[in-house]
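Hi,

Here is the structure I promised to pass on. Have a look at it first, and then read my notes below.

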Amino acid sequence: MANWLRISSRTVANHIKKRMNKEFMGGAVHVNQSSGLWWGLNRGGPVSDRNRRHMDPLAWNRATLLCVQRFKSTLAEKQHDSFLSSDSDDDNQSVDFPGGKVSYTSEMSFISESSQTRVPCYRVLEDDGDLISDCDFQQVSKEDAVKMYSNMVTLQIMDNIFYAAQRQGRISFYLTSAGEEAISIASAAALSEQDIILPQYREPGVLLWRGFTLQEFADQCFGNKADYGKGRQMPIHYGSKKHNFFTISSPIATQLPQAAGIAYSLKMDNKKACVVSYIGDGGTSEGDFHAGLNFAAVMEAPVIFFCRNNGWAISTNVSEQFRSDGIVVKGRAYGIRSIRVDGNDALAVYSAVSAAREMAINEQRPILIEALTYRVGHHSTSDDSTKYRQLDEIVYWKKARNPVNRFRNWVQNIGWWSEQQETQLRNSVRKQLLEAIQVAEKTEKPPLSELFTDVYDHPPSNLEEQEKHLRETVTRHPKDYPSDISV
């Protein structure tokens, strides 16, 4: 056995140069303003073609060398050590363990729980919307930039009106994206229509970008016959097969292992597409987060895990959730390339997701993105965030770090937007939304029978019995049930 380990060690020594990747930096988060997109490299490699000239060629080659196409073959190749030899004394001080060569040491040393400095945060725009000089970012066209900003404004107005509708008792529940508008819309702009989305519940901007209409949003929130979920979901639990947008589900983080599996199926079918799964910082405390990342890393699935770290999991601050440097450092533990980005900077989000998508598809690997942002609104209409957050803190992020204002300043400064366009857009969106709500309210509700469809081809006897019992109950107590639902 010892002889086998020694020979195997020589194999590695002769074929792979011993070069260490830089430690992932992990105090205050340093904003990376000059060196462009900076990725936590587990296997080495640049962000995009234009960055390659700045990288160590051996680091890039190492990423290619160590990439195993698992779906092609699950059998380990036989080692041909008979013709390989090495006289280096170092070979006796290491073991060729599954996963790579591990050096021995006589010094007992524990890995530190954290680095002295935190992982820097990639950004492109200053808080006032000015472009940072010499920054590295993905160019965006005028058409896309205007659409991005228009969608951010639309989402902002939609949130305000639907939130007010809930307070008036016209819908039962609502949840806003206030303060996080740049994340869903800028990330959507960097993706292809063929990319599959598994959302959490603060990503309506992705649907907006892909063409989901204001009427479709209203129909879902009011649960009428036009709702694709047939009124069986809570408001804001959108879904659209047409737009490759999986229906939102309330349980936290269940979509992450599903995303890894779907991405693996895309890989097996040789599709030039990836999966993007969104999660909040609170969701990373769920077991599914770890299972999903590990599954994706081992199977080398083309999936982007996008974490919105807004500082609060409802009333639980991130300091009470984990002791690590946020979410970004967790990717390396699973062998996943990762980056931290300013979630309130639309251009930074767009650039990071563009690069992540390129790597996920071309290199067949998962990517983890942590976007630092802030939930300006309450968690939902069932929450009062002033009970656990200082009002001054909320006001600061709403005014000084507003992602919508920040991106508007940029598009306006370069001459792609004007005050006249701003006024016209806001008036038009508000009018369309109010009309959509009126239509949604007047549209008939789905019949009671829809509660029992779409699960079984032929309903089992127990389900038929439940339906019969429900109809009898509604008939006996008509005043306790909505009159606009067909029995």
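Start with residues 1-26: pLDDT stays under 50 over this whole stretch, and the model has 61 contacts beyond four places in sequence for it. Residues 41-87 are a similar story, with pLDDT again under 50 and 75 contacts beyond four places in sequence. Remember that this is a predicted model. Where pLDDT is low, the predicted coordinates should not be read in detail, so please don't lean on those contacts. For the protein as a whole, pLDDT averages 86, and 81% of the residues score at least 70.

Now for the strands. After the second of those low-scoring stretches, residues 41-87, you get to strand β2 (residues 94-97) and strand β3 (residues 100-103), which run antiparallel and are joined by four bridges. To get your bearings on screen, find Ser 94, which stands opposite Ser 103 in β3. The two strands form a hairpin with two residues between them. Gly 99 sits in that turn, with a positive phi of about 110°.

Strand β7 (residues 303-309) is the one I'd look at next. How many of its seven residues are buried? Seven of the seven are, so β7 is largely enclosed by the rest of the structure. Val 303, Phe 305, Cys 307 and Asn 309 point one way from the strand, while Ile 304, Phe 306 and Arg 308 point the other way. Both sets are buried, and you'll notice that Arg 308 is among them. β7 runs parallel to strand β6 (residues 275-280), and six bridges join the pair. Here Val 275 stands opposite Val 303 in β7.

Another arginine to check is Arg 340, found in strand β10 (residues 337-342). Is Arg 340 buried or exposed? Its relative accessibility is 1%, so Arg 340 counts as buried. Along the chain, Arg 340 and Leu 368 are 28 residues apart, and their C-alpha atoms are separated by 8.7 Å.

Last, the cavities. The largest one holds about 30 Å³ of space. Its lining is made up of Asp 159, Tyr 174, Leu 175, Ser 177, Tyr 201, Arg 202, Pro 204, Ile 236 and Tyr 238. By type, those lining residues divide into six nonpolar, one polar and two charged.

That's everything from me for now. Over to you!

Cheers

Notes:
Residues numbered from 1 in each chain as written. Predicted model: local features only at pLDDT ≥ 70, side-chain atom pairs only at ≥ 80, totals over all residues. Heavy atoms only, no water. pLDDT = per-residue confidence, 0-100. Contact = heavy atoms within 4.5 Å. 1 Å grid on protein atoms, 1.4 Å probe; cavity = no way out; pocket = protein on both sides within 12 Å on 5 of 7 lines; lining within 4 Å. Points joined across faces, edges and corners; volume = space filled by probe spheres on them. Nonpolar A, V, L, I, M, F, W, Y, C, P; charged D, E, K, R; others polar. Buried < 20%, exposed > 50% of the residue type's maximum accessible area, 1.4 Å probe, protein only. Pairing = 2+ DSSP bridges.
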